[in-house]
Amino acid sequence: MRGRRLTSPGSRFWVTCYTDASFGPSGAGWAVWARCVEGRVVRRGACPGYVTSSLEAELAAIFAGVFVACRTWGARVGGVVVRTDCQAAIHLLTTDAVRPRTQKRWPAAMRLRTKILALVKERGIGLELRWVMGHQASNSVQAYLNRACDKLATKARKGAREPPGAPAALQPTRRGA
């Protein structure tokens, strides 16, 4: 039996995404935990081959978060709040004019920045970037979700396989369902 829908077909809502990345000599991985009034979704994956730094991996995770939100909930997404532990990524995405030196030093970061901003513009959605302290010992929701994304990103980087039955558990959940 399905519960009643929390949003009308034409209503728009915001999605909150926690994102994190793991970067090492073996490659890079990202993880996303996203939720909204219609449910939640958790995903992880390998970063593109052109990612060669932890900053670029964090930007790949942010792109994945926005992409997953748009792919999962479609045109109903009015905006995405991204919670990340990477202040450099937040600064790069919120700066209007990036210095030429930065552009030259971080070409993959600039490529990911362009992809994120283009996706937001193409979808006509809002984007808020909020810093969350990484590697906290606290039991707050922010600390818990940041740690969960950190673990998932590390597994993605190492190429770990999902345990049996996990794909079904990672499907969007519906409240009241």
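Contact here means heavy atoms within 4.5 Å, and that is the sense in which helices and strands are said to touch in what follows. The model is a predicted one. Helix α5, residues 141-158, lies across strands β1, β2, β3 and β4. Set against β1, helix α5 runs at about 50°.

The strands themselves belong to an open sheet of five, lined up in the order β3-β2-β1-β4-β5 with mixed pairing. At the edges sit β3 (39-46) and β5 (126-131), each of which pairs on one side only. Going from strand to neighbouring strand, the turn is 20° on average, with direction ignored. Helix α1, made up of residues 54-73, also packs on this sheet, and it touches β1, β2, β3, β4 (77-84) and β5. The direction of helix α1 makes about 145° with that of β1.

Now for β1 and its partner. Strands of a sheet pair through backbone hydrogen bonds, either parallel or antiparallel. For β1 and β2 (residues 27-36) the sense is antiparallel, and nine bridges join the two. Ala21, for instance, stands opposite Trp30 in β2.

Thr19 gives a closer look at β1, the strand spanning residues 13-24. With a relative accessible area of just 1%, Thr19 falls under the 20% cut-off, so Thr19 counts as buried. Leaving aside residues up to four places away in sequence, Thr19 touches Ala31 and Val32, then Ala61, Ile62 and Gly65, then Val82, Arg83 and Thr84, and finally Cys149.

Key:
Residues numbered from 1 in each chain as written. Predicted model: local features only at pLDDT ≥ 70, side-chain atom pairs only at ≥ 80, totals over all residues. Heavy atoms only, no water. Helix = DSSP H or I, 4+ residues; strand = E, 2+ residues; numbered from the N terminus. Buried < 20%, exposed > 50% of the residue type's maximum accessible area, 1.4 Å probe, protein only. Pairing = 2+ DSSP bridges. Axes fitted to C-alpha atoms, helices over the stretch in contact; angles between N-to-C directions.
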